[in-house]
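Colleague: I should like to learn how to read several local features of a structure. May we go through them one at a time?

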Amino acid sequence: LSFNYSDPVRGFDRSKVKGLVARLVDVKLPKHSTALEVVAGGKLYQVVVDEAATGKALLNNGKLQRRVTIIPLDKVMPKKVSSAACDKASSMAKDLNTTAQPAIELVGFDEEVRSAIEYVFGSTLVVDGMKAANSICDTTKTRTVTLDGDVYEPSGLISGGSNNNLGSTLTRITQLTAASKELKEKKARLKTVVKKLESMSAQSRQYEKFSAELELAQSELSAVEKHISQTSYGMMKDKFDSMTKEVDDATAEVELMNKTKDEKWALHHELKEKEAQLTQDRENRLKDTESRVKEAKELVAEKETAAREAENESQELDLEMKSSQDDVNVACDAVVVAQKALDAAKEEETDTEMKVGELKAVWEEAKAVLDELEKKLKLCSNEISSMSKEKSKLIK
């Protein structure tokens with residue numbers, strides 16, 4: 001799978017030679033490898049170049065070690081399955097519960113070499129299943145290949161049988177391409193790490209140099225400070241530093257006291273505001289309580305007046321009831337007299353019928369008066385009972 005050649009001219013740009021078709025594609029799914037290798041056939045090992053002039057130069061002066069077929073991107077005529085055929089194949093495959101896809105959709109490639117890849121894979125459909133592949137080929141008049149590598153041609157030719165490890169080439173090339181890509185990324189990362197490590201090593205050496213110079217300078221500074229501290233200037237400086245520290249401490253303490261004072265004054269003002277608010281609330285509550293007491297006193301006075309009126313009315317009803325009771329007693333006596341007269345009249349019934357009628361009329365009249373008085377007495381009793389209940393409520 002290697003393509004070796006010599007530069008046909010001095011300074012030849014090797015990027016013009018894109019490489020073997022097999023190395024320019026990536027199989028998206030391993031299960032399609034056999035079908036795609038059958039689709040490509042010998043074209044898988046053809047060489048893609050940028051233009052026909054590059055191909056002629058390679059053939060004439062490239063010192064090729066084997067015969068090759070060259071695909072110039074500027075001359076090759078791409079082959080494509082029509083959209084109508086793709087749609088019809090997809091519909092038929094769906095009805096047959098399988099799949100049908102253009103072979104070119106099953107491989108990945110750079111757009112730079114699209115025309116060459118379409119030339120190799122563009123005119124064939126990959127179908128899952130022999131029956132579906134045969135039906136789709138007959139209907140769409142398009143070359144179909146099954147996942148096992150069986151080929152159905154529009155002309156009616158069918159090829160298949162043992163695949164003799166078909167598909168392994170594309171699978172291995174895909175794996176090799178992925179591994180090469182990963183190796184390239186690892187090398188680039190290693191180069192970056194090595195470069196960074198070298199930079200860090202230089203910085204480390206510079207750091208060690210500066211550290212040594214710093215230690216020497218610190219030793220010299222310590223010796224100078226020790227010498228100065230033993231002079232009058234050094235003692236005065238120590239005293240000045242001590243006094244400066246005391247001033248700083250006193251300043252900090254004053255700031256703390258001022259802060260505390262501000263906090264206390266803020267608390268004092270807050271408590272004053274709360275005291276005023278509480279005083280106002282208390283006065284409002286007192287006013288509300290006094291208003292309620294006044295209303296309660298007025299209500300009690302009204303209830304007492306109503307109770308006295310009810311008491312007077314009750315007394316009047318008692319007197320009226322007593323008077324009615326006397327009338328009832330008189331009526332009862334009259335009834336007794338009438339009854340006696342009636343009894344006597346009955347004994348004297350044989351004597352005179354007219355006398356009996358008169359006595360009976362007197363009795364009925366007395367009876368009516370008695371009934372009327374009893375009704376009036378019952379009504380008075382009910383009114384007295386109602387007034388008593390109302391009186392009890394008013395007293396409570």
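Colleague: Is N97 buried or exposed, and why?

Modeller: This is a predicted model. N97 counts as exposed because its relative accessibility is 73%, and exposed means over 50%. The residue sits in the loop between α4 and β5 (100–102). Its phi is near 60 degrees, a positive value in a residue other than glycine.

Colleague: Which loop holds K63, and what is the phi of this residue?

Modeller: K63 lies in the loop between α3 (52–61) and β4 (70–72). Phi of K63 is near 50 degrees, again a positive value in a residue that is not glycine. With 67% relative accessibility, K63 is therefore classed as exposed.

Colleague: How should the packing of helices α4 and α6 be read?

Modeller: Two packed helices are described by the angle between their axes and by the distance between those axes. Here, helix α4 (residues 83–95) packs with helix α6 (residues 130–140) at an angle of about 145 degrees, and the axes are 10 Å apart. The crossing of α4 and α6 is right-handed.

Colleague: Which residues of α4 and α6 meet?

Modeller: From α4, the residues are A85, K88, A89, M92 and A93. They meet S135, I136, T139 and T140 of α6. By class, this contact of α4 with α6 has five nonpolar residues, three polar and one charged.

Colleague: Let us turn to the pockets. What is the volume of the largest pocket, and which residues line it?

Modeller: Rolling a probe the size of a water molecule over the atoms shows where empty space is left. In this model, the largest pocket holds about 200 Å³ of space. Its lining consists of K18, R23, L24, V25, D26, G108, F109, D110, E112, V113 and T177.

Colleague: How do the residues of that lining of the largest pocket divide by class?

Modeller: Five of the lining residues of the largest pocket are charged, four are nonpolar and two are polar.

Colleague: What is the volume of the second largest pocket, and which residues line it?

Modeller: The volume of the second largest pocket is about 160 Å³. Its lining is formed by K79, K80, V81, C86, P102, I104, E105, R114, E118 and G122. Divided by class, the lining of the second largest pocket has five charged residues, four nonpolar and one polar.

Key:
Residues numbered from 1 in each chain as written. Predicted model: local features only at pLDDT ≥ 70, side-chain atom pairs only at ≥ 80, totals over all residues. Heavy atoms only, no water. 1 Å grid on protein atoms, 1.4 Å probe; cavity = no way out; pocket = protein on both sides within 12 Å on 5 of 7 lines; lining within 4 Å. Points joined across faces, edges and corners; volume = space filled by probe spheres on them. Nonpolar A, V, L, I, M, F, W, Y, C, P; charged D, E, K, R; others polar. Axes fitted to C-alpha atoms, helices over the stretch in contact; angles between N-to-C directions. Helix = DSSP H or I, 4+ residues; strand = E, 2+ residues; numbered from the N terminus. Left-handed = near helix turned anticlockwise from the far one by under 90°. Contact = heavy atoms within 4.5 Å. Buried < 20%, exposed > 50% of the residue type's maximum accessible area, 1.4 Å probe, protein only.
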